[in-house]
Amino acid sequence: KKGKEESIKTGLLFGSSIIVIFTVIGVLFSALFGATLANELATSAVANIIFAIIFLVFAISFFGYFEIRVPNTLLNRINKKADGGGLLGVFFMALTLVLVSFSCTAPIVGTVMIDAVAGNFIKPIIVMLGFSIAFAVPFSLFAIFPSWLESLPQSGGWLNSVKVVLGFLELALCIKFLSMPDQAYHWGILSRDTFLILWIIIFGAMGFYILGYIKFQHDSLVEKLSIQRIFIAIITFSFCIYMVSGLFGNRVSALAGIIPPAYSLKYNNISESTGVCSEILIQYSDKLHLPPGFKGYFDYEDALECAKKQNKPLFIDFTGHACFNCRRMEENVWIAPEVKKILDLEYIIVALYVDDKTPLSNSKKHKTLGKKNFALQMDKFCSNAQPYYVLLDPYDESVL
């Protein structure tokens, strides 16, 4: 009985140590990077290109061309401390497991860390907590019930297939990170259609890999297709067909915020907005856009002037090229007929992009349009989140 209690205690401590190690990584990265660098790094060309390269390296690693390993010297030092026994020994045993599994977990953990560096605070902590629990539970159970190890399936072709599928997902994320600075700097390289075509190729290749038509060097021969493989392949090819529909002007709302926004889409019963003043030039309209069917401004002063002329309140939309939830709102809420009618008839819309890199020649205080808009949001409304909507009286600029 005492031996059983000891194994339960050791197993729980082992699992808890794994959870603590992974979660502490998430907390540290979020604390260091989450709140302070959000707006700058979200669309920074250098940062996003570096992130894209990291994802590309992870993908190649998952495809089996090389492994990302922790130096053996460090592993041996940690392992010696694990041999010491006691509570500290169990902790270092868990740390050894985390480091030994680095080649498999690095691309997953790295994805979360990049999310933290890109400006998120809470999400990396939650994701690392969830990942660490999923990672720790099996090892805790095997420590408590060692006889279960005999029933485990042997690692082999199935495990390599999982890694390769993750490699395809890393490639897709690589394209996603390259898209952010492309939109912010208006390079015009990754248009919506180009993005969709690249993702269709990646996920199409993944579907053919699952069916056994594409092979990598560590793959086992797929002699018979399992139900699981067929099911995953059907989902993958269905997703490709869904994306193909986006190439023909249809909405792909499930990917809103991931793919570049559309400037013209097929909407049912969506009329064209007329909420602008013809005598006031819409600045930046060659680079910035509102959702299809809407008209408005991209400069606060211009919108304020028009709102006074038409005696309408302002609808301020603090948004961003890298803002996932902004696109979700636009493609799922703004276009609702009852919402669009109110915005068209009762407000003057101004979309203020807080991460746009368009240089300002007439401002000594702010170098880019994004910095000017972000400063307005922070100074006037004490907020740095997007989307952030404000209904404003144009005469005294008070919040309604």
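**Close-up views of a predicted model**

Ser383 touches Gln377, Met378 and Tyr388, leaving aside residues up to four places away in sequence. The legends below describe this contact and other local features of a predicted model.

**Figure 1. Ser383 and its surroundings in the loop between H14 and E3.** Ser383 is buried, because its relative accessible area of 10% falls under the 20% limit. The side chain of Ser383 reaches the backbone nitrogen of Ala385 at a distance of 3.4 Å. Gln377, Met378 and Tyr388 are the residues that Ser383 touches when those up to four places away in sequence are not counted.

**Figure 2. Cys382 and Pro387, two further residues of the loop between H14 and E3.** Cys382 has a phi near 50°, which is a positive value in a residue other than glycine. With a relative accessible area of 70%, Cys382 is exposed, whereas Ser383 is buried. Pro387 also belongs to this loop, which runs between helix H14 (369-381) and strand E3 (388-392). The peptide bond that leads from Gln386 to Pro387 is cis, and its omega is near -5°.

**Figure 3. Tyr284 in the loop between helices H10 and H11.** The helices on either side of this loop are H10 (227-246) and H11 (300-310). Tyr284 is not a glycine, yet its phi is positive, at about 65°. The relative accessible area of Tyr284 is 17%, and the residue is therefore buried, the limit being under 20%.

**Figure 4. The aromatic pair of Phe168 and Tyr209.** The model contains 22 aromatic pairs. In the pair shown here, the ring centres of Phe168 and Tyr209 are 6.1 Å apart and the planes stand at 50°, so the pair is tilted. Phe168 lies in helix H8 (residues 157-184) and Tyr209 in helix H9 (residues 192-210), so the pair ties together parts that are 41 residues apart in sequence. Phe168 counts as buried, with a relative accessibility of 5%. Tyr209 is buried as well, with a relative accessible area of 3%.

**Figure 5. A cluster of aromatic rings that includes Phe168 and Tyr209.** Ring pairs link these two residues with Phe63, Tyr65 and Phe216. The tilted pair of Phe168 and Tyr209 thus appears here alongside the other members of the cluster.

**Figure 6. Lys340 over the ring of Phe294.** Lys340 lies over the face of the Phe294 ring, at 4.7 Å from the ring centre.

Definitions and conventions
Residues are numbered from 1 along each chain as its sequence is written. This is a predicted model: local features need pLDDT of at least 70, side-chain atom pairs count only at pLDDT 80 or more; totals for chains, interfaces and linings use all residues. Side-chain values use heavy atoms; hydrogens and water are left out. Rings of Phe, Tyr and Trp (its six-membered ring) pair if their centres lie within 6.5 Å; planes under 30 degrees apart count as stacked, over 60 as edge-to-face and the rest as tilted. Helices (H or I, at least four residues) and strands (E, at least two) are DSSP runs, numbered from the N terminus. Buried means under 20% relative accessible area, exposed over 50%, partly exposed in between (1.4 Å probe, protein chains only). A charge sits over a ring if NZ of Lys or CZ of Arg is within 6 Å of the ring centre and within 35 degrees of the ring normal. A polar contact is a pair of N or O atoms within 3.5 Å; within protein, one must be able to donate a hydrogen and the other to accept it, and residues adjacent in sequence count only if both atoms are side-chain atoms. Contact means heavy atoms within 4.5 Å.
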